[in-house]
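The following exercises concern the packing of helices in a predicted model. Work through each task before reading its solution.

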Amino acid sequence: MLAEAQALVEQFERIHAEIFKWSEGLTDDQINWKPPVNDTNSIGNLMSHILGAEMFSVVERIGGHSINRDRAAEFSDRVTRDWLVQRRSEVEKRVRETLDKLTSADLARVVTTPNGEAPVGKFLLYLVSHLSGHMGQVIMTRKVLDAQN
């Protein structure tokens with residue numbers, strides 16, 4: 001595996017470890033609780049989106065394998081801890097398999113992104129940043145939830 005790909009795998013898995021740490025000890029009802037203000041998401045929906053966006057971006061956009069993502073469901077469906085644990089395992093396996101095949105030439109290959117076209121390497125850096133922002137939302141939502149009790 002390229003050193004750059006290994007560094008990305010480590011960052012994705014760091015984000016996973018952090019969001020699962022902040023969801024520890026929560027019931028499924030608490031995982032699905034939304035702060036009582038507009039335009040917020042539950043911890044479960046944020047975790048679902050983090051995993052979904054990572055899988056879609058790496059496995060489909062970069063790896064070329066269709067995953068049939070339902071982005072809207074990531075923000076609306078009720079999730080369970082068991083489902084999130086299973087999804088994490090699947091995402092980590094598929095992302096690692098895809099990045100393991102990445103070549104230096106692939107890093108320069110241009111892909112279509114939500115913000116236009118970009119080289120794979122640049123897009124992956126954007127993705128880590130995007131997912132890290134949502135990780136911060138998981139942490140903040142947990143703190144707000146804890147303050148309710």
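**Exercise 1.** Determine in which hand H3 passes H5, and how the two helices are oriented towards each other.

*Solution.* Begin with the crossing: H3 passes H5 in a left-handed manner. Next, consider the axes of helix H3 (residues 43-62) and helix H5 (residues 81-100), which come within 9 Å and cross at roughly 20 degrees. Angles under 35 degrees count as roughly parallel, and H3 and H5 are therefore roughly parallel to each other. Finally, identify the contact: residues of H3 including Gly 44, Met 47 and Leu 51 meet residues of H5, among them Trp 83, Leu 84 and Arg 87. The residues of this contact comprise ten nonpolar, four polar and five charged.

**Exercise 2.** Establish the relative orientation of H1 and H3.

*Solution.* The axes of H1 and H3 come within 11 Å, and their crossing angle is roughly 165 degrees. Angles over 145 degrees count as roughly antiparallel; H1 and H3 are therefore roughly antiparallel to each other. Among the residues in contact are Phe 12 and Ile 15 of H1, together with Ile 43 and Met 47 of H3. By class, the contact of H1 with H3 has nine nonpolar residues, two polar and one charged.

**Exercise 3.** Which helix supplies the largest share of the largest nonpolar core?

*Solution.* The largest nonpolar core has 39 residues, and Phe 12, Leu 99, Leu 102 and Leu 124 have the most contacts inside it. H1, H3, H5 and helix H7 (120-148) each supply at least two of its residues. The largest share, eleven residues, comes from H3.

Key:
Residues numbered from 1 in each chain as written. Predicted model: local features only at pLDDT ≥ 70, side-chain atom pairs only at ≥ 80, totals over all residues. Heavy atoms only, no water. Axes fitted to C-alpha atoms, helices over the stretch in contact; angles between N-to-C directions. Helix = DSSP H or I, 4+ residues; strand = E, 2+ residues; numbered from the N terminus. Parallel < 35°, antiparallel > 145°, perpendicular 65-115°, else oblique. Left-handed = near helix turned anticlockwise from the far one by under 90°. Contact = heavy atoms within 4.5 Å. Nonpolar A, V, L, I, M, F, W, Y, C, P; charged D, E, K, R; others polar. Core = buried A, V, L, I, M, F, W, Y, C linked by side-chain atoms within 4.5 Å. Buried < 20%, exposed > 50% of the residue type's maximum accessible area, 1.4 Å probe, protein only.
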